[in-house]
Amino acid sequence: MNSADLTLFVYVADSGSFNKAALKAGLSTPALSKKISKLEQALGVQLIHRTTRRLSLTEAGENLYVHAKNIEGQVSDAIASVSAFSQGIRGNIKISVPTISGELLLAEAIAEFCQMYPNITVDMRLDNGFADLLEEGLDLVIRTGKLEDSSLIAKPLIQSNWVVCCSPKYIKKHGEIKSIEQLKNHNCLAYTYQAQGSFDWRFTQNGVEESVRISGSLATNNAQALRKAALAGFGIVYVPRCCVYEDLQQGTLVPILTEFQPRKLGVYGVYPYTKYLPKKLKLLIAHIKQAYENKKEYF
């Protein structure tokens with residue numbers, strides 16, 4: 001038995017499938033099954049309940065998993081600590097970024113980063129949902145909001161200010177909105193990227209938080225769709241300022257209820273906990289942070 005056997009056991013436990021674990025380990029399913037059986041024989045206990053439909057850990061398996069997972073992390077940290085001394089910066093980085101930031105600045109910033117470091121490739125996807133980094137094999141995600149998983153590290157990048165706005169033609173047709181309560185009588189278009197609160201718009205005035213339950217004809221998880229609907233005069237939107245910044249500057253959208261302070265959310269670079277962050281990832285995070293700083297007026 002060695003640490004490699006324990007790593008294979010962790011793969012099986014995490015994926016809940018010999019097929020998926022074998023694919024990750026680069027082995028055939030029978031070969032992996034045989035290695036786990038040999039591990040059980042060496043330890044003298046059954047680690048996994050096997051059925052035709054699913055597998056589950058025994059009590060002994062659960063106990064081993066806790067320790068094996070820790071060993072796997074220590075091995076990864078040890079390798080990363082040695083890699084940190086290498087001057088060669090190379091490899092692939094898998095990253096997930098929000099659609100707004102991706103389109104506004106990150107696509108260009110990351111392409112620039114790849115040009116600066118030609119031995120690094122970046123696989124970037126635009127996605128608003130909070131991904132499972134370990135399950136999906138991601139090295140870094142850029143996300144807005146609170147971090148709930150304590151096993152992850154969140155590096156602050158910038159603060160995102162939100163704005164309530166609509167087109168001048170909407171105000172001309174429906175009248176000015178002077179109070180939060182008046183929003184109940186208007187077509188408010190909901191931004192459903194978030195898990196909750198999409199239809200409860202929150203504001204702060206003199207340190208006191210107020211909220212109003214809104215309703216409207218359109219709800220979407222895409223901020224650009226809301227922006228276009230607002231520009232066309234169909235309703236009021238409550239979105240990150242960065243996605244409508246240029247419209248506000250041009251006057252094609254106007255902020256409303258400006259005496260109230262809208263929501264503010266942090267934007268973070270999130271990655272799995274490790275004592276030795278790979279240099280290539282450290283460089284990319286710093287580059288992304290600077291890209292946000294270069295457009296901080298948008299936020």
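Start with the whole chain and its contacts (heavy atoms within 4.5 Å): of those with a separation of 6 or more, 73% join residues 24 or more positions apart. The model is predicted, so local features need pLDDT of at least 70 and side-chain atom pairs count only at pLDDT 80 or more, while totals for chains, interfaces and linings use all residues. Residues are numbered from 1 along each chain as its sequence is written, and side-chain values use heavy atoms, with hydrogens and water left out.

**Whole chain**

Stay with the full chain and colour by secondary structure: 10 helices and 13 strands appear. These are DSSP runs numbered from the N terminus, with helices (H or I) of at least four residues and strands (E) of at least two. Along the principal axes, the C-alpha atoms fill a box of roughly 80 × 45 × 35 Å. The radius of gyration is 25 Å, whereas a compact globule of 299 residues would be near 19 Å; the radius is taken over C-alpha atoms, and the globule rule is 2.2 Å times the number of residues to the power 0.38.

Now colour by burial. Buried residues are 40% of the 299, where buried means under 20% relative accessible area, exposed over 50% and partly exposed in between (1.4 Å probe, protein chains only).

**The cores**

Select Ile142, Leu183, Trp201, Phe203, Ile236, Ile288 and Tyr292, the residues with the most contacts inside the largest nonpolar core, which has 62 residues. Strand S6 (residues 152–166) gives this core its largest share, seven residues. Such a core is a set of buried Ala, Val, Leu, Ile, Met, Phe, Trp, Tyr and Cys residues joined through side-chain atoms within 4.5 Å.

Zoom in on Tyr292. Beyond its neighbours within four places in sequence, Tyr292 contacts Ser101, Leu105, Leu106, Ile142, Leu157, Ile158, Val267 and Phe299. Then select Phe9, Leu39, Ile48 and Leu64, which are among the 19 residues of a second, separate core.

**Glu40**

Go to helix H3 (residues 29–43) and pick Glu40. Glu40 is buried, at 11% relative accessible area. Not counting residues up to four places away in sequence, Glu40 touches Val45, Gln46, Leu47, Ile48 and Arg50.

**Gly235**

Next, select Gly235, in the loop between helix H8 (223–231) and strand S11 (236–240). Gly235 counts as buried because its relative accessibility is 0%. With residues up to four places away set aside, Gly235 touches Cys165, Cys166, Tyr170, Asn187, Leu189, Ala229 and Ala230. Draw a distance to Ile171: the two C-alpha atoms are 9.4 Å apart, with their positions 64 residues apart in sequence.

**The S12–S13 loop**

Move to the loop between strand S12 (254–255) and strand S13 (264–272), where Gln261 is found. Gln261 is partly exposed, with a relative accessible area of 37%. Outside residues up to four places away in sequence, Gln261 touches Phe203 and Thr204.

Leu257 is also placed in the loop between S12 and S13. Leu257 is buried, at 4% relative accessible area. Its phi is near 55°, a positive value in a residue other than glycine.

**Asn206**

Finish at Asn206, in the loop between strand S8 (200–205) and strand S9 (208–213). Phi of Asn206 is near 55°, again positive in a residue other than glycine. Asn206 counts as exposed because its relative accessibility is 76%.
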